[in-house]
Amino acid sequence: MAEDLDSIKINLDTRIIQDWRSIVTLIVFVLTNIVVLFPFHIPVYIPRSLRNAVLDGLAALRVIGPRREPPQHVSGLIDDRTGEQDSEIGYFVRLRLPMNFVTAPLIADLFLLAIVAISRDEVYGGTIGSNHISPIDIMAFFITLAYIAISIDASGLIRYLAFKVLQRAGKYGHRLFFYLYAFFFGLGTFIGNDPIILSGTAFLAYMTRVSSNIIHPRAWIFAQFAVANIASAILVSSNPTNLVLAGAFNIRFIDYTANMIIPVIVTAIALFPFLLYIVFANQSLIPLSIQMHELSEEARARKPVNPNIPHARGNAEEEENDPANGEQSKQLSLEEIMNPFLDKGGAGFGAVIMAATLITLLAINAASQSTGEHPVFYVTLPAAFVMFCWDIAFGWLHREETRKIARDGRREVERARAERAERRARELEEMEQAALNENQQSEPQSDTAVTQSSTPRADTADTTSQNKGGINTSVDLRPDTGDENTIVADTNAAETSNDGKSQENRPSTSARSTLNEKQGSTRTDSFRPLEGVVSGVTLNTGLRERTRASIEREIDAEKQPHYDVTVHPEKERATLVSLVADGYTWCQETFPTATAVIGHLPFALVPFAFSMFVLVQALVTKGWVPVFAYGWDHWVNKTGTVGSVGGMAFLSVILCNFAGTNIGTTILLSRVIQAWQKIHQENGTPISNRTFWATVYSMALGVNYGAFSAAFSASLAGLLWRDILARKHIHIRRLDFFRVNLPIITIAMVVGCAVLIGEVYIIRPETPYDA
């Protein structure tokens, strides 16, 4: 181990933090993590002539299609959803530059390079590697192993097994909660948290939607997210944070698992009754008996479709995603979970490849003296290539079938969209005709109309309400929940005040459509014609034009797809963009599994991880990591082994939310512990074996459990989980995420750290670690 410490090159001179480059580096690091926590967009205005010249140049090179100007009646209007003027007018065009976990660290690195605050050494250390951490090896290992895991998920195995668990549990709510909890924990241990979140989250969203007495999906989705991240702490291969930690301290995979398995399993066991009887102790969350809607015999007999094939379910998928389709959406969701697709060949082959890969990894890693001698991706890369070849071969052998399914489904979707566009066009004409009739009827009473128009709007509303039945017939244009413009008639003041409630006062962690379905409420069509236009109401020109524009924008959106069923316009010239789009569609239809898996691979993790590695390496070379290491050394000297466990666990959980996800936290804290080792080596006062390993493994607990703590950005899995739920109409606010997870992360960390303390006191001696 002395040789390992000698190979760690960290400058412990803290005086360099007084240099302006060090100060700027720390400020940039903090600002970058704030942006990762709170992403936003920066408006960038460029001259319209420049934008048009660039687009025309690209069109001339046939990179993109010819530029199309918006209709005159659309340009110049105020967007009804954002309240901003349409960007297609004026001398400048507004572009939106995203600032998120991908762009912010990269821009920060480029800025530090531009001002010469960092150099080639930091970039090399943050990409190729330094001090036993090799980012490129870690990313290659994680991406290749993720391909195998996601390929197993794409075969339908996880949803099929979840369906079997649902069948076995029957209608007993507590039993089903336990079965799903144990199922996600066991599966997440071997394949990691990402595949569990990809398939398990969608499955739970469907399951809670089709049950009549689960009012709120909160208990199921939060328990699944927590247990998936807890399970990922057992194996090194389950989470990239574990890879960083094992590489930084030369931990063999088998040793890592041996030290983590007991605290993690005890945490999962202790957490379950806490969730069931304390956190989610409500019959509306976990009922004793679950009442599921029944699937028809016809639907049961129907052959399940491969969800990886585009348009495989035809128009059903769009109808399911529309919150307006209440009962029909429930039926489609029920069919999704009760009649799941399973590619038995792909699932079996993928399971064999995954098992062989993990066993080989453990065997080779245990036999080697140093992990650097055998990069782990040497094992996972060939395995992923074999899995990829299987997916390609399977897709090619069944290409005729998958292409036919995609073609038929696409025609169905296009036909439905064309019908909707035609129906909305008719509604536009009817609305204009109704408004015209109202104007004609109001002409004989022009004197009264002039008098009313000179009064405030509130007085007008009071005057118009004095007609038959005392009903307020004023017409208002307001956005509905679907971000579309709806013309509604105010029936009374109470309804108006209820509609004006803010989003913050509504239960946001539930699927709004789900709650509406449970309570029997219905949503009106966003573009239904006026039912019974009331005399005395006049649509002004601006209102009518804005309504016409909004509906025509919706009609244009319906006509956007490349494939038109009813109309066959003259074929435009092929461009690079159209060829790429057609090629991607061809791959989806010919190799649906391989294309779906590649589309779900966490490629965004690669630039983020490399950029964060470079930023942390900059903190090392600029003296900030040694400063943090000295502070940690003072804490350990005061509190001992127990304090090192509690302190590192607390730091790791907190920093997951404020230091660029749990990956950035692991990189930073690993460097701090390495500097802490270097401090003791130079002082000649070695760290005890017990204290050192207590610190390392408490950090492992914290960076894995910290994913379900305060912010979605505490882990990339959290961002993925939130996006999947949003697509299923389940919207979770940041405050609700923190409020629900606070008791969960508290009990999980307390139990895990308590077990870890007992473990290190039993198996770790007080002998010097550095000896």
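**Notebook: helix 18 and other sites in a predicted model**

I began with Glu414, which counts as buried because its relative accessibility is 8%. I keep in mind that I am reading a predicted model.

**Salt bridges in helix 18.** I looked up what the side chain of Glu414 meets, and found a salt bridge with Arg417, at 3.7 Å from N to O. Arg417 is also a buried residue, since its relative accessible area is 18%, and the cut-off for buried is under 20%. I then checked where the two sit: both belong to helix 18, which covers residues 399-442, and because they are three residues apart there, about one helical turn separates Arg417 from Glu414.

Further along I noted a salt bridge between Arg426 and Glu422, whose closest N and O atoms are 3.6 Å apart. These two are four residues apart in helix 18, so about one helical turn lies between Arg426 and Glu422. Arg426 has 43% relative accessibility and therefore counts as partly exposed. I also recorded a network in which Arg733, Asp736 and Arg739 are joined by salt bridges that share partners.

**Salt bridge at Asp19.** For the whole structure I have 13 salt bridges. One more that I looked up links Asp19 with Arg21, with 3.8 Å between the closest N and O atoms. Asp19 is partly exposed at a relative accessible area of 32%, and Arg21 is likewise partly exposed, with 29% relative accessibility.

**Helix 2 and a nonpolar patch.** Which residues make the nonpolar surface patch of about 530 Å²? I listed Ile23, Ile27, Val30, Leu31, Ile34 and Phe38. I took Ile27 as my example and placed it in helix 2, which spans residues 20-37. Ile27 has a relative accessible area of 46%, so I entered it as partly exposed; residues in such patches need over 30%.

**Helices 27 and 28.** How do helix 27 and helix 28 pack, and at what angle? Helix 27 takes in residues 624-658 and helix 28 residues 661-683; the angle between them is about 170°, and their axes lie 11 Å apart. The two helices are therefore roughly antiparallel to each other, given that the term applies to angles over 145 degrees. I went through the residues that make the contact: on helix 27 they include Val625, Phe628, Tyr630, Trp632, Met648 and Leu655, and on helix 28 they include Thr661, Leu668, Arg671, Ile673, Trp676 and His680.

**Asn741.** Is Asn741 buried or exposed? Its relative accessibility is 0%, so Asn741 counts as buried. I located Asn741 in helix 31, residues 734-763. Leaving aside residues up to four places away in sequence, Asn741 touches Phe222, Phe708 and Ser709.

**The chain as a whole.** I closed with the overall values. The secondary structure comes to 31 helices and four strands. Of the 771 residues in the chain, 48% are buried. Among contacts with a separation of 6 or more, 82% are between residues 24 or more positions apart. The chain exposes about 36,000 Å², and 60% of that area is supplied by carbon and sulfur atoms.

Conventions:
Residues numbered from 1 in each chain as written. Predicted model: local features only at pLDDT ≥ 70, side-chain atom pairs only at ≥ 80, totals over all residues. Heavy atoms only, no water. Patch = residues over 30% accessible without salt bridge, like charges linked within 9 Å, V, L, I, M, F, W, Y side chains within 5 Å. Areas by Shrake-Rupley, 256 points an atom, 1.4 Å probe, with all protein chains shown as cover. Salt bridge = Lys/Arg side-chain N within 4 Å of Asp/Glu carboxyl O. Buried < 20%, exposed > 50% of the residue type's maximum accessible area, 1.4 Å probe, protein only. Axes fitted to C-alpha atoms, helices over the stretch in contact; angles between N-to-C directions. Parallel < 35°, antiparallel > 145°, perpendicular 65-115°, else oblique. Contact = heavy atoms within 4.5 Å.
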